[in-house]
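Thanks for making the time this morning. I would like to walk you through one model, beginning with its strands and then moving outwards, so please have the structure open as I talk.

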Amino acid sequence: MPGVKDFARHPRGAVQRARADAWLLRRAMKLAFQKRIQGDTVEQFHRVYYDGALFGDTRASTYWLGVRVDKCPLDLWVYQELLFENRPDVIVEAGTATGGSALFFACMLDLIGGPGRVVTIDVDDQFDRPTHDRIQYLHGSSVADETLAQVAEIVGGRPAMVFLDSDHTRDHVLAELRAYRSLVQPGGYLIVEDTNLNGRPVSPEFGPGPGEAVDAFLAEDPCFARDTGCEKFYLTFNPGGYLQRTR
Ligand SMILES: C[S@@+](CC[C@H](N)C(=O)[O-])C[C@H]1O[C@@H](n2cnc3c(N)ncnc32)[C@H](O)[C@@H]1O
């Protein structure tokens with residue numbers, strides 16, 4: 001009679017098969033669990049959290065070192081992980097607003113060390129924004145030729161991570177995706193924010209937005225794929241919006 005050790009020596013032995021079955025069972029249970037909570041609890045909480053801003057709560061009341069940042073803190077944590085793993089030389093952000101996210105990025109680069117820079121673009125230069133040695137503010141539309149030339153010169157072919165958080169209409173985001181994709185090197189990330197708009201699951205009245213732009217972009221560019229692993233905290237304002245360049 002063969003013992004456990006004999007099974008273990010053979011890749012197709014009973015012990016391996018039992019382990020594989022247990023792994024498949026765990027995976028099936030996880031998928032069923034996710035499907036159930038995704039269908040109700042997570043989506044409901046997503047709407048409650050997002051719309052809390054109407055009453056001055058949640059994203060309307062989120063600050064990094066005293067500066068307003070219009071993000072879900074769970075996404076900021078994912079950004080920290082991606083920045084640590086990828087260590088881009090330049091972070092390009094479309095949509096500065098008060099500069100809270102740019103300051104967050106700069107502080108992450110301080111902690112990580114190295115030469116990283118933040119270049120952030122906005123059509124509006126009304127805000128009193130934070131100053132930081134790593135941050136460069138650009139004034140103009142994220143898709144204007146002049147802006148794109150300035151960004152290309154600053155990046156200078158170095159590895160970049162791109163965050164799109166400006167005008168959230170589908171056509172604008174798609175134009176940004178086409179304009180900024182070449183800045184991201186294989187393995188790097190291009191993050192499309194607020195893909196939750198237009199009923200995905202918030203603001204059903206919004207109309208075609210970032211989520212629809214990502215769908216169109218992925219259909220035309222085989223070099224990028226969604227990294228759904230970045231949605232591991234379940235609540236994200238960027239569902240399907242974490243794009244990794246795969247080649
Ligand atoms: C959602 S806010 C950015 C929030 C900021 N990234 C944060 O996390 O705190 C969007 C910003 O995009 C800017 N914006 C709108 N259209 C733009 C465009 N075509 N180019 C650049 N910025 C634009 C707006 O002026 C606004 O400040």
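Let me begin with strand E3, residues 90-94, and strand E6, residues 160-164, which run parallel and are joined by 5 bridges. If you want a place to start in that pairing, take Val-90, whose bridge partner in E6 is Ala-160. I should say at once that this is a predicted model, and I will come back to its confidence values towards the end.

E3 and E6 belong to an open sheet of 7 strands, in the order E5-E4-E3-E6-E7-E9-E8, and the pairing in that sheet is mixed. At the edges, each pairing on one side only, are strand E5, residues 135-139, and strand E8, residues 224-226. Direction ignored, neighbouring strands of this sheet are turned against each other by 20° on average.

Now to the antiparallel part of the sheet. E7 pairs with strand E9, residues 242-245, in the antiparallel sense over 3 bridges, and within that pairing Ile-191 has Tyr-242 of E9 as its bridge partner. E8 and E9 also pair in the antiparallel sense, over 3 bridges, and there Arg-226 stands opposite Leu-243 in E9.

Two backbone details in loops deserve a look while the model is on the screen. The peptide bond joining Arg-200 and Pro-201 is cis, with omega at about 10°, and Pro-201 lies in the loop that runs between strand E7, 189-192, and helix H7, 210-220. The other detail is Thr-58, a residue other than glycine whose phi is nevertheless positive, near 40°; Thr-58 is found in the loop between helix H2, 14-51, and strand E1, 63-64.

Next, the ligand. Which residues come nearest to it? Of the 19 residues around the ligand, the nearest are Gly-95, Ala-97, Ser-101, Ser-166 and Asp-167. Helix H4, 100-112, and strand E4, 117-122, are the elements that give two or more residues to this shell. Sorted by class, the shell around the ligand holds 8 polar, 6 charged and 5 nonpolar residues.

Stepping back to the whole protein, the division is into domain 1, residues 1-61, and domain 2, residues 63-245. Taken over C-alpha atoms, the centres of domain 1 and domain 2 are separated by 28 Å. Where the domains meet, 8 residues of domain 1 are in contact with 8 residues of domain 2, and on the domain 1 side those residues divide into 4 nonpolar, 3 charged and 1 polar.

Finally, the confidence values I promised. The mean pLDDT of the protein is 93, with 94% of its residues reaching 70 or more. Over residues 1-10, however, pLDDT stays under 50, and for that stretch the model has 7 contacts beyond four places in sequence. Where pLDDT is low, predicted coordinates should not be read in detail, and I would ask you to keep that caution in mind when you turn to residues 1-10, with their pLDDT under 50.

Notes. Residues numbered from 1 in each chain as written. Predicted model: local features only at pLDDT ≥ 70, side-chain atom pairs only at ≥ 80, totals over all residues. Near = placed C-beta within 6 Å. Helix = DSSP H or I, 4+ residues; strand = E, 2+ residues; numbered from the N terminus. Nonpolar A, V, L, I, M, F, W, Y, C, P; charged D, E, K, R; others polar. Domains from an automatic or database assignment. Contact = placed C-beta atoms within 7 Å. pLDDT = per-residue confidence, 0-100. Pairing = 2+ DSSP bridges. Axes fitted to C-alpha atoms, helices over the stretch in contact; angles between N-to-C directions.
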